[in-house]
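I opened this entry to record what I looked up in the model. My notes cover the nonpolar core, the ring interactions and one serine.

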Amino acid sequence: MMATPGEDRDTTGAMGGRPLRLDEESAERRKVESALFEERNKLEAIMTAIGDGITALDRDLHIIYQNRVHEVKLGKHIGEHCYRAFHNRNEPCDGCQVLMCFSDGKIHRRQSTAFTENGLIYLESTACPLHDAEGNIVAGVEGVRDIRDHRRAEAEISQLASYDSLTRVRKRT
């Protein structure tokens with residue numbers, strides 16, 4: 001049965017229900033879109049404030065999201081395979097922690113290196129699964145932290161530990 005112009009329909013489109021006019025629908029849609037936009041901006045600000053590069057990878061290891069920090073450090077690579085974009089490989093990395101997340105649903109952490117236009121960098125990365133509303137793993141999220149300064153500090157501490165603090169003479173081992 002077709003409705004005539006101005007005839008009321010319920011939210012499913014059936015006639016005779018609560019009046020829902022087009023302008024009300026449009027206002028409600030704008031309100032929802034505005035709230036979603038606001039939440040996305042908040043999330044992006046938080047992801048940037050963390051200071052770590054964040055990526056999301058689909059089940060085939062395509063990059064589906066990069067935060068600004070990650071883009072600045074490693075370039076824009078949306079749609080590319082992570083192993084190709086970040087490690088110049090033709091297949092997933094040995095011991096890929098995102099694949100491990102897909103397999104066991106747990107969080108995985110490790111240190112690695114990556115090649116950038118600025119040369120080799122040392123990274124610490126943490127990967128965790130991303131679940132849909134039904135609990136299925138649909139993607140992996142990986143946070144990457146540049147640990148070059150940390151590695152330098154460790155080397156300095158190790159060097160300093162090999163000298164006597166009072167005499168500044170190298171300790172015998």
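I take strands as DSSP runs of E with at least two residues, numbered from the N terminus. The model I consulted is predicted.

I looked up Ser125 and found it in strand S4. Is Ser125 buried or exposed? Its relative accessibility is 3%, so I enter Ser125 as buried, the cut-off for that class being under 20%. I then searched for a polar partner of Ser125: its side chain makes a polar contact of 2.7 Å with the side chain of Gln97. Setting aside residues up to four places away in sequence, I list Gln97, His108, Arg109, Arg110, Glu142, Gly143 and Val144 as the residues that Ser125 touches.

I turned next to the largest nonpolar core, which has 18 residues. Within this core, Leu57, Leu61, Ile63, Cys82, Phe86 and Val98 have the most contacts. I noted which elements supply at least two core residues each: among them are helix H3 (82-87), helix H4 (97-104), strand S4 (119-131) and strand S5 (137-146). The largest share, 4 residues, comes from H3.

I followed Leu61 further. Leaving aside neighbours within four places in sequence, I find Leu61 in contact with Glu80, His81, Cys82, Tyr83, Pro92, Val98, Leu99 and Phe102.

Finally, I checked the rings. How many aromatic pairs does the structure hold? I recorded 0 aromatic pairs. I did find Arg59 over the face of Phe102, at 4.5 Å from the ring centre. Phe102 also appears in my list of contacts for Leu61.

Key:
Residues are numbered from 1 along each chain as its sequence is written. This is a predicted model: local features need pLDDT of at least 70, side-chain atom pairs count only at pLDDT 80 or more; totals for chains, interfaces and linings use all residues. Side-chain values use heavy atoms; hydrogens and water are left out. A nonpolar core is a set of buried Ala, Val, Leu, Ile, Met, Phe, Trp, Tyr and Cys residues joined through side-chain atoms within 4.5 Å. Buried means under 20% relative accessible area, exposed over 50%, partly exposed in between (1.4 Å probe, protein chains only). Contact means heavy atoms within 4.5 Å. Rings of Phe, Tyr and Trp (its six-membered ring) pair if their centres lie within 6.5 Å; planes under 30 degrees apart count as stacked, over 60 as edge-to-face and the rest as tilted. A charge sits over a ring if NZ of Lys or CZ of Arg is within 6 Å of the ring centre and within 35 degrees of the ring normal. A polar contact is a pair of N or O atoms within 3.5 Å; within protein, one must be able to donate a hydrogen and the other to accept it, and residues adjacent in sequence count only if both atoms are side-chain atoms.
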